[in-house]
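Me: I'd like a close look at one part of this model, namely how the helices at the start of the chain sit against each other. Could you walk me through it in plain terms?

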Amino acid sequence: AQLLRSPTASIKEQSVITMRNLSLEKELAAKIAQETLPPLITMMRAYDKKIQEHAVATVRNLAAAGSDGGSDTIEDGPPQLQEGRIESKIVAAGAISALVSALRSEDRRVQEQAAGAIANLAVASHANKLRLADEGAVAPLIELLRSPEDAILRTTAAA
(Lines give C-alpha, C1' and ligand atoms only; values in the text may rest on other atoms or scores of the structure.)
Protein backbone atom coordinates (compact mmCIF):
# COMPACT_ATOMS: atom_id res chain seq x y z
CA ALA A 1 0.00 0.00 0.00
CA GLN A 2 2.91 2.36 0.66
CA LEU A 3 4.07 2.06 -2.95
CA LEU A 4 0.74 3.55 -4.09
CA ARG A 5 1.87 6.76 -2.37
CA SER A 6 5.25 6.86 -4.11
CA PRO A 7 6.23 10.19 -5.67
CA THR A 8 7.56 8.26 -8.68
CA ALA A 9 4.93 7.81 -11.40
CA SER A 10 6.32 4.50 -12.70
CA ILE A 11 6.27 2.98 -9.20
CA LYS A 12 2.70 4.22 -8.67
CA GLU A 13 1.63 2.76 -12.00
CA GLN A 14 3.17 -0.65 -11.35
CA SER A 15 1.73 -0.69 -7.82
CA VAL A 16 -1.79 0.14 -8.93
CA ILE A 17 -1.58 -2.49 -11.70
CA THR A 18 -0.62 -5.02 -9.04
CA MET A 19 -3.56 -3.95 -6.86
CA ARG A 20 -5.88 -4.20 -9.86
CA ASN A 21 -4.76 -7.78 -10.50
CA LEU A 22 -4.93 -8.77 -6.84
CA SER A 23 -8.38 -7.20 -6.44
CA LEU A 24 -9.75 -9.87 -8.76
CA GLU A 25 -9.23 -12.38 -5.95
CA LYS A 26 -12.28 -12.18 -3.70
CA GLU A 27 -10.29 -13.51 -0.74
CA LEU A 28 -7.92 -10.51 -0.96
CA ALA A 29 -10.49 -7.81 -1.75
CA ALA A 30 -11.38 -6.91 1.86
CA LYS A 31 -7.73 -6.48 2.83
CA ILE A 32 -6.99 -4.44 -0.28
CA ALA A 33 -10.00 -2.22 0.40
CA GLN A 34 -9.01 -1.75 4.03
CA GLU A 35 -5.44 -0.77 3.24
CA THR A 36 -5.57 1.02 -0.11
CA LEU A 37 -8.80 2.99 -0.58
CA PRO A 38 -7.44 6.47 0.28
CA PRO A 39 -4.52 6.31 -2.19
CA LEU A 40 -6.71 4.61 -4.81
CA ILE A 41 -9.26 7.43 -4.58
CA THR A 42 -6.47 9.98 -4.99
CA MET A 43 -5.17 8.05 -8.00
CA MET A 44 -8.66 8.00 -9.54
CA ARG A 45 -8.17 11.75 -10.01
CA ALA A 46 -4.60 11.41 -11.36
CA TYR A 47 -3.41 13.38 -14.35
CA ASP A 48 -1.85 10.20 -15.75
CA LYS A 49 -4.72 8.37 -17.49
CA LYS A 50 -3.07 4.94 -17.13
CA ILE A 51 -2.82 5.35 -13.36
CA GLN A 52 -6.36 6.70 -13.29
CA GLU A 53 -7.72 3.77 -15.33
CA HIS A 54 -6.05 1.15 -13.14
CA ALA A 55 -7.18 2.84 -9.91
CA VAL A 56 -10.79 3.04 -11.13
CA ALA A 57 -10.64 -0.58 -12.33
CA THR A 58 -9.34 -1.67 -8.93
CA VAL A 59 -12.28 0.05 -7.20
CA ARG A 60 -14.60 -1.59 -9.74
CA ASN A 61 -13.18 -5.00 -8.85
CA LEU A 62 -13.43 -4.30 -5.13
CA ALA A 63 -17.06 -3.21 -5.49
CA ALA A 64 -17.80 -6.44 -7.35
CA ALA A 65 -16.14 -8.56 -4.67
CA GLY A 66 -19.03 -8.17 -2.23
CA SER A 67 -18.77 -8.57 1.47
CA ASP A 68 -15.78 -9.08 3.71
CA GLY A 69 -16.76 -12.70 4.15
CA GLY A 70 -19.16 -15.30 2.90
CA SER A 71 -20.48 -15.46 -0.59
CA ASP A 72 -22.93 -13.22 -2.31
CA THR A 73 -24.49 -14.23 -5.56
CA ILE A 74 -27.22 -12.70 -7.60
CA GLU A 75 -29.47 -15.56 -6.48
CA ASP A 76 -29.04 -14.38 -2.88
CA GLY A 77 -30.75 -11.11 -3.79
CA PRO A 78 -29.28 -7.66 -3.39
CA PRO A 79 -26.82 -7.41 -0.51
CA GLN A 80 -27.70 -5.07 2.34
CA LEU A 81 -25.54 -2.07 3.13
CA GLN A 82 -23.55 -3.00 6.18
CA GLU A 83 -20.49 -1.61 7.91
CA GLY A 84 -18.39 -4.66 7.00
CA ARG A 85 -19.22 -4.69 3.32
CA ILE A 86 -16.55 -3.64 0.88
CA GLU A 87 -19.05 -1.46 -1.00
CA SER A 88 -19.81 0.40 2.23
CA LYS A 89 -16.12 1.06 2.76
CA ILE A 90 -15.78 2.35 -0.81
CA VAL A 91 -18.70 4.74 -0.37
CA ALA A 92 -17.59 5.84 3.10
CA ALA A 93 -14.08 6.57 1.80
CA GLY A 94 -15.51 9.12 -0.64
CA ALA A 95 -15.04 7.21 -3.88
CA ILE A 96 -18.33 8.25 -5.48
CA SER A 97 -17.26 11.80 -6.31
CA ALA A 98 -14.02 10.49 -7.83
CA LEU A 99 -15.99 7.96 -9.88
CA VAL A 100 -18.38 10.66 -11.10
CA SER A 101 -15.35 12.74 -12.16
CA ALA A 102 -13.93 9.68 -13.93
CA LEU A 103 -17.18 9.31 -15.91
CA ARG A 104 -16.37 12.72 -17.40
CA SER A 105 -12.84 11.71 -18.40
CA GLU A 106 -11.80 12.09 -22.02
CA ASP A 107 -10.33 8.59 -21.87
CA ARG A 108 -12.85 5.93 -22.87
CA ARG A 109 -11.15 3.23 -20.77
CA VAL A 110 -11.47 5.39 -17.66
CA GLN A 111 -15.12 6.07 -18.50
CA GLU A 112 -15.86 2.37 -18.97
CA GLN A 113 -14.20 1.37 -15.70
CA ALA A 114 -16.00 4.16 -13.81
CA ALA A 115 -19.38 3.11 -15.22
CA GLY A 116 -18.61 -0.47 -14.19
CA ALA A 117 -17.66 0.57 -10.66
CA ILE A 118 -20.85 2.61 -10.37
CA ALA A 119 -22.90 -0.34 -11.64
CA ASN A 120 -21.30 -2.58 -9.00
CA LEU A 121 -22.01 -0.07 -6.24
CA ALA A 122 -25.59 0.49 -7.45
CA VAL A 123 -26.45 -3.20 -7.46
CA ALA A 124 -25.15 -3.54 -3.89
CA SER A 125 -27.92 -1.51 -2.23
CA HIS A 126 -30.74 0.96 -2.63
CA ALA A 127 -28.84 3.36 -0.36
CA ASN A 128 -25.94 3.34 -2.83
CA LYS A 129 -28.31 4.13 -5.71
CA LEU A 130 -29.61 7.15 -3.82
CA ARG A 131 -26.11 8.27 -2.93
CA LEU A 132 -24.94 7.92 -6.54
CA ALA A 133 -27.87 10.04 -7.72
CA ASP A 134 -27.26 12.62 -4.99
CA GLU A 135 -23.59 12.91 -5.96
CA GLY A 136 -24.35 13.55 -9.62
CA ALA A 137 -23.76 10.21 -11.34
CA VAL A 138 -26.96 10.22 -13.41
CA ALA A 139 -26.18 13.03 -15.89
CA PRO A 140 -22.73 11.75 -16.94
CA LEU A 141 -24.12 8.20 -17.24
CA ILE A 142 -26.85 9.46 -19.56
CA GLU A 143 -24.21 11.30 -21.58
CA LEU A 144 -22.17 8.08 -21.91
CA LEU A 145 -25.21 6.36 -23.41
CA ARG A 146 -24.49 8.48 -26.50
CA SER A 147 -21.03 6.94 -26.88
CA PRO A 148 -20.19 5.16 -30.15
CA GLU A 149 -18.19 2.59 -28.13
CA ASP A 150 -20.05 -0.71 -27.59
CA ALA A 151 -18.13 -1.55 -24.42
CA ILE A 152 -19.01 1.80 -22.84
CA LEU A 153 -22.66 1.40 -23.84
CA ARG A 154 -22.89 -2.09 -22.31
CA THR A 155 -21.22 -1.05 -19.07
CA THR A 156 -23.16 2.19 -18.79
CA ALA A 157 -26.49 0.45 -19.43
CA ALA A 158 -25.73 -1.86 -16.50
CA ALA A 159 -25.27 1.14 -14.22
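Reply: First, a word on terms: contact here means heavy atoms within 4.5 Å. Also keep in mind that this is a predicted model.

Some background before zooming in. The chain has 9 helices and 0 strands, so to speak a plain run of α-α-α-α-α-α-α-α-α when you read along the sequence. Of its 159 residues, 48% count as buried. If you take contacts between residues at least 6 apart in sequence, 65% of them join residues at least 24 apart. The surface the chain exposes comes to about 8300 Å², with carbon and sulfur atoms supplying 53% of that.

Now for helix 1, residues 9-22. Let's start with its packing on helix 3, which covers residues 49-65. Two packed helices are described by the angle between their axes and the distance between the axes. For helix 1 and helix 3, the angle is about 25 degrees and the axes lie 9 Å apart. Angles under 35 degrees count as roughly parallel, so helix 1 is roughly parallel to helix 3. Their crossing is left-handed.

Who touches whom? On the helix 1 side you'll find Ala-9, Lys-12, Glu-13, Val-16, Ile-17, Met-19 and Arg-20. Across from them, helix 3 brings in Lys-50, Ile-51, Glu-53, His-54, Ala-55, Ala-57, Thr-58 and Asn-61. Sorted by class, this contact has 7 nonpolar, 3 polar and 5 charged residues.

Helix 1 also packs on helix 2, residues 26-43. Here the angle is about 145 degrees, and the axes are 11 Å apart. The crossing of helix 1 and helix 2 is left-handed. From helix 1, the contact uses Lys-12, Val-16, Met-19 and Leu-22; from helix 2, it uses Leu-28, Ile-32, Thr-36, Leu-40 and Met-43. By class, that gives 7 nonpolar, 1 polar and 1 charged residues.

Put the two lists side by side and some names come back: Lys-12, Val-16 and Met-19 of helix 1 appear in the contact with helix 3 and in the contact with helix 2.

One last stop, at the other end of the numbering: Ala-151 belongs to helix 9, residues 150-158. Ala-151 is partly exposed, because its relative accessible area is 24% and that label covers values between 20% and 50%. The C-alpha atoms of Ala-151 and Gln-113 are 10.0 Å apart, with their positions 38 residues apart along the chain.

How values were computed: Residues numbered from 1 in each chain as written. Predicted model: local features only at pLDDT ≥ 70, side-chain atom pairs only at ≥ 80, totals over all residues. Heavy atoms only, no water. Axes fitted to C-alpha atoms, helices over the stretch in contact; angles between N-to-C directions. Helix = DSSP H or I, 4+ residues; strand = E, 2+ residues; numbered from the N terminus. Parallel < 35°, antiparallel > 145°, perpendicular 65-115°, else oblique. Left-handed = near helix turned anticlockwise from the far one by under 90°. Nonpolar A, V, L, I, M, F, W, Y, C, P; charged D, E, K, R; others polar. Buried < 20%, exposed > 50% of the residue type's maximum accessible area, 1.4 Å probe, protein only. Areas by Shrake-Rupley, 256 points an atom, 1.4 Å probe, with all protein chains shown as cover.
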